[in-house]
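Grab a coffee and open the model in your favourite viewer. Let's work through a few exercises, each with its solution spelled out.

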Amino acid sequence: MKEKDTTAVPSPSSIHSSDSPAQAATGHTRHAAETTPATSASGTKTPSEKKRSTRLSDDKRFKIFSGSANRSLSEEICKFLGVPLGETRLQRFSDGETHFQLLENVRGVDVFLVQPTCFPVDQNLVELLIMMDALRRASAGRITVVVPYYGYARQDRKDRPRVAITSKLVADLLVTAGANRALFVDLHAAQIQGFFNIPVDHLFASPVLVGYFRDLNLPNLTVVSPDAGGVERARFFAKKLEVPLAIVDKRRTDINVTEVMNVIGDVKGRTCLILDDIVDTAGTLVKTAEALIAQGADKVYACASHAVLSGPAVERIRDSALEELVVTNTIPLSEAAQKVAKIKVLSIAGLLGRAIESIHMETSVSTLFN
C-alpha cells in the first residue's frame with residue numbers, strides 16, 4: 001500500500017460544536033446527533049423518535065457532509081439550517097489517490113452530500129464517488145447528492161459523429177456509486193434530469209438573482225439571452241422583472257469559440273442584462289456585450305449561476321464593457337477573480353438549505369421556485 005501524504009486536507013470543524021479546543025484539534029470529535037435515541041421502559045423507541053423532528057438541529061437521522069470542492073458553501077448551508085457539518089477525514093496518497101473516511105456513525109441516517117464537480121473536475125467527481133461509496137458501505141439510510149454545479153453537463157447529446165454523452169455517463173456513475181436522490185442548481189440542459197433513474201430536484205438560482213436586480217432598479221432594462229438555447233431561461237427572468245426580452249443569434253465555430261451574428265430586439269438606449277447559466281472562458285459574454293454596445297445599448301450588466309471562469313475569463317471580464325457580472329457561489333471564485341471589482345457573488349446557501357430541509361421533511365420543493 002502506498003504511503004499516505006501527511007499534508008492532508010483537514011477535516012471540517014463543526015459549526016456548532018460544544019467540544020473543547022483540545023478535542024477539536026484531534027479531528028475525532030463527536031456530536032450530539034450521534035447519541036443513541038432514548039427508549040421506553042420496554043426497550044422500544046418512543047413515538048417521538050420514530051418521527052422526524054420539526055427542528056433539524058434535534059433530528060438524529062439527518063446529517064450533512066461536504067467534499068473539498070466548496071466547503072465554504074457547505075458551512076453556510078449548515079449555518080442556515082442550524083446543524084453541524086459532518087466530521088470526515090480526507091487525505092491523498094502521494095500519487096494523488098483520494099482516501100476518505102467518515103468520523104461519524106451514519107447507519108440509517110438521511111445523508112446530504114454537498115460537492116460541486118467544478119475545477120479540477122475529474123478530481124472532484126472521483127472524490128464525490130468515493131464519498132458516496134463510503135456512505136453506502138457505512139449503511140446510510142438515504143444518500144442525496146447535492147451538486148450545485150454539475151460538470152460535464154454541456155455534452156448532453158450527440159451533436160457530432162463519434163462523441164460521448166458525458167452528462168449521461170456521470171449520471172450513471174452517481175447512481176452506481178450509491179446516490180438515492182440528487183439535487184442540482186441550474187442544469188445546463190433540463191433534459192439531463194431524465195438521465196437519472198432516481199428522483200431529481202432541479203433548483204434555479206433565478207430567485208436570488210432576480211431579487212438582486214429588482215433592488216438595483218436599473219432604468220430601461222432589457223433582459224438578453226446570449227443564445228437561442230437560453231431563451232426560456234431569459235423569458236422567465238424578464239417576466240419576473242416585468243421588462244422586455246432580446247436575443248443574440250450566436251454561432252459556435254469550435255469548443256469554447258463563438259461568433260456573435262445578430263441582435264434580435266430593440267436595445268438602443270437601454271440598459272441590457274445578459275443572462276446565462278455558465279460563464280466559462282467569458283468569450284461569448286464579452287462578444288455579446290460588445291454587440292449590444294454596437295447596437296446602441298447604454299450599459300450592459302450580466303449574471304450567471306455558475307462562474308467557471310477558466311482560461312482568460314477573468315482578464316476578459318476585467319477589460320470588457322460590462323458594468324458588473326453577478327454570479328452565485330455554486331463554484332468558489334479563484335483568487336484572481338476575487339480581485340476583480342466587476343465580479344459580485346451572491347450566496348445560494350439559503351436556497352439550498354430550504355431545499356434540503358424540504359427533501360428531508362418530505363414537503364414540496366416547488367414552492368422555492370417562487
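Below are five exercises on this structure, each followed by a stepwise solution.

Some ground rules before we start. This is a predicted model, where local features need pLDDT of at least 70, side-chain atom pairs count only at pLDDT 80 or more, and totals for chains, interfaces and linings use all residues. Residues are numbered from 1 along each chain as its sequence is written, and side-chain values use heavy atoms, with hydrogens and water left out.

**Exercise 1. The overall picture**

Work out how many helices and strands the protein has, and what share of its residues is buried.

Step 1: the protein has 11 helices and 14 strands. Helices here are DSSP runs of H or I with at least four residues, strands are runs of E with at least two, and the numbering starts at the N terminus.

Step 2: of the 370 residues, 49% are buried. Buried means under 20% relative accessible area, exposed means over 50%, and partly exposed is in between (1.4 Å probe, protein chains only).

Step 3: the exposed area of the protein is about 17800 Å², and 50% of it comes from carbon and sulfur atoms. Accessible areas come from the Shrake-Rupley method with a 1.4 Å probe, and for residues only the protein chains shown count as cover.

Step 4: take the contacts between residues at least 6 apart in sequence; 66% of them join residues at least 24 apart. Contact means heavy atoms within 4.5 Å.

**Exercise 2. Backbone oddities**

Find out what the peptide bond from Phe119 to Pro120 looks like, then check whether Tyr152 is buried, exposed or partly exposed and do likewise for Ala282.

Step 1: the bond from Phe119 to Pro120 is cis, with omega near -5 degrees. Pro120 sits in the loop between β4 (110-114) and α4 (121-137).

Step 2: Tyr152 isn't a glycine, yet its phi is positive, near 70 degrees. You'll find Tyr152 in the loop between β5 (142-147) and α5 (166-177). With a relative accessible area of 30%, Tyr152 is partly exposed.

Step 3: Ala282 also has a positive phi near 70 degrees, and belongs to the loop between β11 (271-279) and α8 (283-294). Ala282 is buried, at a relative accessible area of 4%.

**Exercise 3. Two residues of α4**

Describe the surroundings of Asn124 and Arg136.

Step 1: Asn124 lies in helix α4 and is buried at 3% relative accessibility. Skipping neighbours within four places in sequence, Asn124 is in contact with Ser68, Ala69, Gln115, Pro116, Thr117, Cys118 and Phe119. From Asn124 to Asn70, 54 residues apart in sequence, the C-alpha to C-alpha distance is 9.9 Å.

Step 2: Arg136 is in α4 too, but is partly exposed, with a relative accessible area of 40%. With the neighbours within four places set aside, Arg136 is in contact with Ile143, Ala177 and Gly178. Its C-alpha is 9.3 Å from that of Arg107, 29 residues apart along the chain.

**Exercise 4. α4 against α5**

Decide which orientation class the pair α4 and α5 gets.

Step 1: the two axes come within 8 Å and cross at roughly 25 degrees. Axes are lines fitted to C-alpha atoms, for helices over the stretch in contact, and angles run from 0 to 180 degrees between N-to-C directions.

Step 2: that makes α4 roughly parallel to α5. The classes are roughly parallel under 35 degrees, roughly antiparallel over 145, roughly perpendicular from 65 to 115, and oblique for the rest.

Step 3: on the α4 side we have Leu125, Leu128, Leu129, Met132, Asp133 and Arg136, meeting Val170, Leu173, Leu174 and Ala177 in α5. This contact splits into eight nonpolar, no polar and two charged residues. Ala, Val, Leu, Ile, Met, Phe, Trp, Tyr, Cys and Pro count as nonpolar, Asp, Glu, Lys and Arg as charged, and the others, Gly among them, as polar.

**Exercise 5. α6 against α7**

Classify how helix α6 packs on helix α7.

Step 1: α6 (residues 206-216) and α7 (residues 231-241) pack at about 45 degrees, axes 10 Å apart. That makes α6 oblique to α7.

Step 2: in α6, Ser206, Leu209, Val210, Phe213 and Arg214 meet Phe236, Phe237, Lys240 and Leu241 of α7. By class, that is six nonpolar, one polar and two charged residues.
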